[in-house]
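User: I am trying to learn how to read one part of a chain closely, beginning at its start and then following whatever else can be said about its helices. Please keep it plain.

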Amino acid sequence: TIYMAYYTVSHLLQGGVLDGTGGGPLGILPEHLTREVWDHIFLGTAVGPDCAIPAENLAVLRNEFLYFYPMDLRVTGKDLIPNHLTYSLYNHCAIFPPELWPKAFRANGLLMLNHNKMSKSTGNFLTLEDAVGLYTADITRLICADAGDSLEDANFEEKAANAQLIKMHAELDWINSVLKAAPSFRDGPITEFADRAFSTCIDHAIHAAADAYDKMNFREALKVGYFELQAARDTYREMVRLSDVGPHRDVI
């Protein structure tokens with residue numbers, strides 16, 4: 001449960017090959033990686049004169065580890081709280097100094113598909129690659145964010161993904177129409193109540209979404225930064241239509 005420490009130097013030892021058969025860019029062999037070497041990489045202890053790895057390569061490994069450690073965040077499923085996450089804390093505390101302990105852990109629920117458990121045997125299964133191919137990366141992110149932030153199992157609903165894909169095309173059409181018509185919009189001082197009210201809604205959405213992102217509450221970020229902002233935009237459009245002043249170029 002400290003294997004994430006190995007991630008920091010694996011590319012230098014395995015050269016991007018999972019089983020390491022091709023060797024790494026530093027030319028280090030498995031038999032060179034003694035307990036003494038690992039203690040130097042992770043703990044900064046000295047190595048003896050018989051170490052097979054040149055000092056300059058040891059420095060590269062040590063610096064690479066210190067660059068990436070401590071880990072800022074470890075994310076995993078709620079089923080691993082009583083084992084993986086707990087023992088990761090224990091082992092980091094036992095081996096590393098406090099400044100190299102994990103800064104944060106995040107646990108999440110499991111992912112369901114269309115309100116049912118994902119299972120290859122039943123055919124109720126969707127890979128990330130398939131989701132992006134079917135619904136685009138943007139819609140996949142949107143539906144995953146909307147699936148929930150808590151330890152409850154999240155649900156990826158394909159009907160919702162299809163609906164949001166259609167709405168996204170409509171949103172893109174609206175954006176293009178606004179860009180095309182922008183030269184005809186009002187400009188100058190922002191004095192109309194509708195302009196000031198919508199500008200306030202935009203400011204609120206920015207701050208509320210940033211706060212939600214900082215707390216990794218992605219559903220809340222989506223709610224305030226996308227859905228509620230769209231609703232405020234639609235209200236603004238209706239207000240300037242009814243007051244017959246039209247939208248302000250800088251606001252819209």
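What covers the buried residues of H1?

Analyst: This is a predicted model, in which local features need pLDDT of at least 70 and side-chain atom pairs count only at pLDDT 80 or more, while totals for chains, interfaces and linings use all residues. Residues are numbered from 1 along each chain as its sequence is written, and side-chain values use heavy atoms, with hydrogens and water left out.

The cover over the buried residues of H1 includes helix H2 (35-43), helix H3 (55-68), strand S1 (74-77) and helix H4 (81-95). Helices (H or I, at least four residues) and strands (E, at least two) are DSSP runs, numbered from the N terminus. H1 itself takes in residues 3-14. Its buried residues are Met4, Ala5, Thr8, Val9, Ser10, Leu12, Leu13 and Gln14; buried means under 20% relative accessible area, exposed over 50%, and partly exposed in between (1.4 Å probe, protein chains only). Cover is judged by contact, meaning heavy atoms within 4.5 Å. After H1 comes Gly15, with a positive phi near 65°.

Between H3 and S1, two of the elements that cover H1, there is a loop that holds Pro70. The peptide bond that joins Tyr69 and Pro70 is cis, with omega about 5°.

Further along the chain, Ser119 sits in the loop between strand S4 (116-117) and H5. Leaving out residues up to four places away in sequence, Ser119 touches Asn124 and Phe125. From Ser119 to Ala55 there are 64 residues in sequence, and their C-alpha atoms are 50 Å apart in space.

Helix H5 spans residues 128-146, and Ile139 is one of them. Ile139 counts as buried because its relative accessible area is 0%. Residues up to four places away aside, Ile139 touches Ala161, Gln164, Leu165 and Met168. Leu165 is 26 residues from Ile139 along the chain, yet their C-alpha atoms are separated by 6.3 Å. Thr140 is in H5 too, and its relative accessibility of 4% is why it counts as buried. Beyond its neighbours within four places in sequence, Thr140 is in contact with Leu128, Ala131, Val132, Tyr135 and Phe156.

Another residue of H5 is Thr136. Thr136 is partly exposed, because its relative accessible area is 35%. Its phi is positive, about 80°, although Thr136 is not a glycine.

The residues touched by Ile139 lead on to H6, where Ala161, Gln164, Leu165, Met168, Glu171, Trp174 and Val178 are buried. What covers these buried residues of H6 includes H5, strand S5 (154-156) and H8. H6 has 24 residues, so at 1.5 Å a residue it should span 34 Å; its end C-alpha atoms are 35 Å apart, which agrees. The expected span is 1.5 Å times one less than the number of residues in the helix.

H8 can be checked in a similar way. It has 25 residues and reaches 35 Å from its first C-alpha to its last, close to the 36 Å expected. The buried residues in H8 are Ala221, Leu222, Val224, Tyr226, Gln230, Ala232, Arg233, Tyr236 and Val240. H5, H6 and H7 are among what covers them.

In the segment after H8 lies Asp244. Asp244 is not a glycine, but it has a positive phi of about 60°. It counts as exposed because its relative accessibility is 70%.

Several of these helices also appear around the largest pocket. That pocket is lined by 34 residues, of which Arg141, Ala145, Tyr213, Phe218 and Leu222 lie nearest its centre. Strand S2 (105-108), H5, helix H6 (158-181), helix H7 (193-214) and helix H8 (218-242) each give two or more residues to the lining. H8 gives the most, with eight residues. Leu222 therefore appears twice in this account: it is one of the buried residues of H8 under the 20% cut-off, and it is among the lining residues nearest the centre of the largest pocket. A pocket is an open set of points, on a 1 Å grid over the protein atoms alone, where a 1.4 Å probe fits, with protein on both sides within 12 Å along at least five of seven lines; lining residues have an atom within 4 Å of a point.
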